[in-house]
Amino acid sequence: MDKSKVLITGSNGLLGQQLRQQLSSNFFVIATGIGPDTSKFKSDKYVEMDVSSFDQCQKVLYKYAPSVIINAAAMTNVDDCERIQKRCYNINLNSANNFLPYLVEKKPHFIHVSTDFVFNGYKGSYIEEDKPDPINYYGFCKLQYEKIILKHCVNFTIIRTSLIYGLNDDRYNFLNWVKENLIKNIKMNIVSDQFRTPTFVNDLALVINDILYMKKYGVFHISSGEKLSIFDFVCNIARHYGLNDDLVKKTNSTSFNQFAKRPLDTSLNIDKAINILKFKPTKLTNALTKIS
Ligand SMILES: NC(=O)c1ccc[n+]([C@@H]2O[C@H](COP(=O)([O-])OP(=O)(O)OC[C@H]3O[C@@H](n4cnc5c(N)ncnc54)[C@H](OP(=O)(O)O)[C@@H]3O)[C@@H](O)[C@H]2O)c1
């Protein structure tokens with residue numbers, strides 16, 4: 001039997017690469033990304049596709065005719081999104097329109113990866129039905145993208161996730177950044193009044209695989225469910241690798257000047273995923289043990 005064709009956008013990113021590794025044995029994976037393939041995880045096919053280009057999206061989608069599309073492409077630097085809003089708009093919001101003709105006509109399963117930053121962070125422990133109210137441009141664009149999908153698509157799954165971490169030596173991610181700074185004895189000011197539910201990238205890719213098999217549609221929150229301040233998250237990483245956590249200095253959102261406003265508590269309640277998808281998140285300490 002022919003394998004189903006799964007197209008992944010942003011496949012050189014942290015999640016995109018993990019998806020390639022996770023899905024390649026059971027699906028025909030068409031990995032796409034900006035520029036050449038930079039991943040060590042190979043897939044059945046790699047094609048350049050800029051999600052902000054209508055022409056490129058039409059050409060690739062209609063040529064390869066995937067029955068599943070996983071949208072892991074995004075401009076993910078929150079401060080850059082605030083500074084360079086036009087670029088953020090094109091990639092994180094308007095690119096939805098570049099997929100619509102195919103989504104509406106062919107009705108593939110469209111899995112879109114969204115963010116905890118659609119919430120304002122005043123409440124925390126957000127469930128899927130809570131009212132989004134983003135406080136920065138990144139969150140605003142990601143929410144508008146969700147709205148386009150909700151309005152026009154039928155077979156969609158929107159996954160809202162939070163602070164993704166994992167092993168990925170060949171490109172920047174939060175875990176590498178913390179490790180590298182501490183190894184170089186660089187002092188780090190880390191906020192203790194912003195709370196997240198960090199997400200192990202392997203868990204996220206695995207649950208996407210399950211969503212495909214189970215054909216589950218709708219909105220799901222996916223994270224570890226373990227609420228941690230960013231300060232505690234960083235200290236846990238430092239201790240796990242035997243690095244000097246005295247270099248991690250506590251600060252707060254008022255004194256730590258970030259270009260884009262950050263929501264305080266965007267912890268995600270993952271009960272729906274646990275009940276419906278039988279999602280089993282990995283705790284931070286276990287995840288760090290697995291990847292080190
Ligand atoms: N990272 C987090 O903590 C976090 C938290 C919540 C939600 N999310 C969401 O999770 C998803 C995956 O994030 P991630 O952590 O894997 O981010 P990532 O490592 O930054 O990967 C994003 C990928 O998208 C690519 N990309 C950027 N612009 C593009 C364009 N115009 N066309 C095609 N590809 C483009 C990037 O290309 P380059 O390789 O050239 O950079 C990169 O490979 C995103 O939707 C993000 O918004 C992430």
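**Core**

I went looking for the largest nonpolar core in this predicted model. I found 35 residues in it, and Ile69, Phe99, Leu103 and Ile149 touch the most other members. Next I checked which elements give two or more residues to this core: helix 2, helix 3, helix 4, helix 5, helix 6 and strand 6. Helix 6 (137-152) gives the most, with 6 residues.

I then zoomed in on leucine 103. Leaving aside neighbours within four places in sequence, I see leucine 103 in contact with Ile69, Pro108, Phe110, Ile149 and Cys153. Apart from the largest core lies another one, of 26 residues, and I noted Ile8, Phe27, Ile70 and Phe279 among them.

**Sheet**

I traced an open sheet of 7 strands, in the order 3-2-1-4-5-6-11, with parallel pairing. Why is one side of strand 3 and of strand 11 left without a neighbour in the sheet? Both stand at the edges and each has a single partner strand, so one side stays free of a neighbour there. From one strand to the next, the twist averages 20°.

I picked one pair to follow: strand 4 (68-71) and strand 5 (109-115) run parallel over 4 bridges. Asparagine 71 has histidine 112 in strand 5 as its bridge partner. I also saw helix 1 (14-23) packing on the sheet, where it touches strands 1, 2, 3, 4 and 5. The direction of helix 1 makes about 160° with that of strand 1.

**Helix pair**

Last, I looked at helix 7 (174-183) and helix 9 (230-240), which pack at about 60° with axes 10 Å apart. Their crossing is right-handed. On the helix 7 side I listed Phe174, Leu175, Val178, Lys179 and Leu182; they meet Ile230, Phe233, Val234, Ile237 and Ala238 in helix 9. I sorted the contact residues into 9 nonpolar, no polar and 1 charged.

Notes. Residues are numbered from 1 along each chain as its sequence is written. This is a predicted model: local features need pLDDT of at least 70, side-chain atom pairs count only at pLDDT 80 or more; totals for chains, interfaces and linings use all residues. Side-chain values use heavy atoms; hydrogens and water are left out. Axes are lines fitted to C-alpha atoms, for helices over the stretch in contact, and angles run from 0 to 180 degrees between N-to-C directions. A crossing is left-handed if the near helix is turned anticlockwise from the far one by less than a right angle, and right-handed if clockwise. Contact means heavy atoms within 4.5 Å. Ala, Val, Leu, Ile, Met, Phe, Trp, Tyr, Cys and Pro count as nonpolar, Asp, Glu, Lys and Arg as charged, and the others, Gly among them, as polar. A nonpolar core is a set of buried Ala, Val, Leu, Ile, Met, Phe, Trp, Tyr and Cys residues joined through side-chain atoms within 4.5 Å. Buried means under 20% relative accessible area, exposed over 50%, partly exposed in between (1.4 Å probe, protein chains only). Two strands pair if DSSP finds at least two bridges between them.
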